[in-house]
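User: I am new to reading protein models. Please take me through one part closely, and then set it in the whole chain.

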Amino acid sequence: MTEKDTADTAYYLYCLTPSGDALDLNHLDGKLAGVLVLACDGICAVVRETRREEFCGEGADARLEDLAWLAPRALRHESVVEHVMRQSPV
């Protein structure tokens, strides 16, 4: 990964949950592909790597107002959070 790739990478946060809980992220018909659990000081962040430009910069405001672009992402967010909630408090 180059320095530019690192600068262009961001993390999309789905939810936070107490650490120590073994989360099963192998279900949901592929909606969990790329979802990671990062632990720090008793908290786990359920995240996915994304390109910073997806939510920031030129065109981001228009995308965030476009229901055709936003709806599938909102549904994925809900699916991931519900999946984690079945296993651990969020």
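In which element does C15 lie?

Analyst: C15 lies in strand 1. Keep in mind that this is a predicted model. Let us start at C15 and work outwards.

First, the surroundings of C15. At a relative accessibility of 8%, C15 counts as buried. The cut-off for that word is under 20% relative accessible area. Now look at what C15 touches. Leave aside its neighbours within four places in sequence. Then C15 is in contact with C44, A45, V46, V81, V84 and V90. Pick out C44 from that list. C15 and C44 are 29 residues apart along the chain, yet 8.4 Å separates their C-alpha atoms.

Next, T17. This residue also has its place in strand 1, which covers residues 9–18. T17 counts as buried, because its relative accessibility is 2%. Set aside residues up to four places away in sequence. T17 then touches L23, I43, C44, V46, V84, S88 and P89. C44, V46 and V84 appear here, and they are among the contacts of C15 too.

Two of the residues that T17 touches deserve a closer look. The side chain of T17 makes a polar contact with the side chain of S88, at 2.6 Å. A polar atom of the T17 side chain also lies 2.6 Å from the backbone oxygen of P89. Where is S88? It sits in the segment after helix 3, and that helix spans residues 67–85. S88 has a relative accessible area of 4%, so it is buried. Both side chains of this polar contact, then, belong to buried residues.

Now follow the contacts of C15 to A45. A45 is in strand 3, and L38 stands opposite it. L38 has its place in strand 2, residues 35–40. Strand 2 and strand 3 (residues 43–51) run antiparallel, and 6 bridges join them. The two strands form a hairpin with 2 residues between them.

One of the turn residues is D41, in the loop between strand 2 and strand 3. D41 is not a glycine, yet its phi is positive, at about 50°. Why notice that? Most residues other than glycine have a negative phi. D41 counts as exposed, because its relative accessibility is 76%. The mark for exposed is over 50%.

Go back to L38. Is it buried or partly exposed? L38 has a relative accessible area of 39%, so it is partly exposed. It also helps to make a patch. Together, Y11, L36 and L38 form a nonpolar surface patch of about 270 Å². A residue needs over 30% relative accessible area to join such a patch, so the 39% of L38 passes that cut-off.

Now the charged pairs. Side chains of opposite charge can pair when their charged atoms come close. The chain has 2 salt bridges. In one of them, the side chains of D8 and R51 meet, with N and O 3.5 Å apart. That pair links distant parts of the chain: D8 is in helix 1 (residues 3–8), R51 is in strand 3, and 43 residues separate them. R51 is partly exposed, because its relative accessible area is 37%.

E54 and R73 form a salt bridge as well, with their closest N and O atoms 3.1 Å apart. This pair also links distant parts of the chain, 19 residues apart: E54 is in the loop between strand 3 and helix 2 (60–65), and R73 is in helix 3. E54 counts as buried, because its relative accessibility is 18%. R73 is partly exposed, with a relative accessible area of 29%.

Finally, step back to the whole chain. It has 3 helices and 3 strands. From the N terminus on, their order is α-β-β-β-α-α. The chain has 90 residues, and 28% of them count as buried. C15, T17, S88 and E54 are buried residues that you have now met. The accessible surface of the chain comes to about 6,100 Å², and 56% of that belongs to carbon and sulfur atoms.

What about contacts across the chain? Take those with a separation of 6 or more. Residues 24 or more positions apart account for 68% of them. The contact between C15 and C44 joins residues 29 positions apart.

Notes. Residues numbered from 1 in each chain as written. Predicted model: local features only at pLDDT ≥ 70, side-chain atom pairs only at ≥ 80, totals over all residues. Heavy atoms only, no water. Patch = residues over 30% accessible without salt bridge, like charges linked within 9 Å, V, L, I, M, F, W, Y side chains within 5 Å. Areas by Shrake-Rupley, 256 points an atom, 1.4 Å probe, with all protein chains shown as cover. Salt bridge = Lys/Arg side-chain N within 4 Å of Asp/Glu carboxyl O. Helix = DSSP H or I, 4+ residues; strand = E, 2+ residues; numbered from the N terminus. Buried < 20%, exposed > 50% of the residue type's maximum accessible area, 1.4 Å probe, protein only. Polar contact = N/O pair within 3.5 Å; in protein donor to acceptor, adjacent residues only side chain to side chain. Contact = heavy atoms within 4.5 Å. Pairing = 2+ DSSP bridges.
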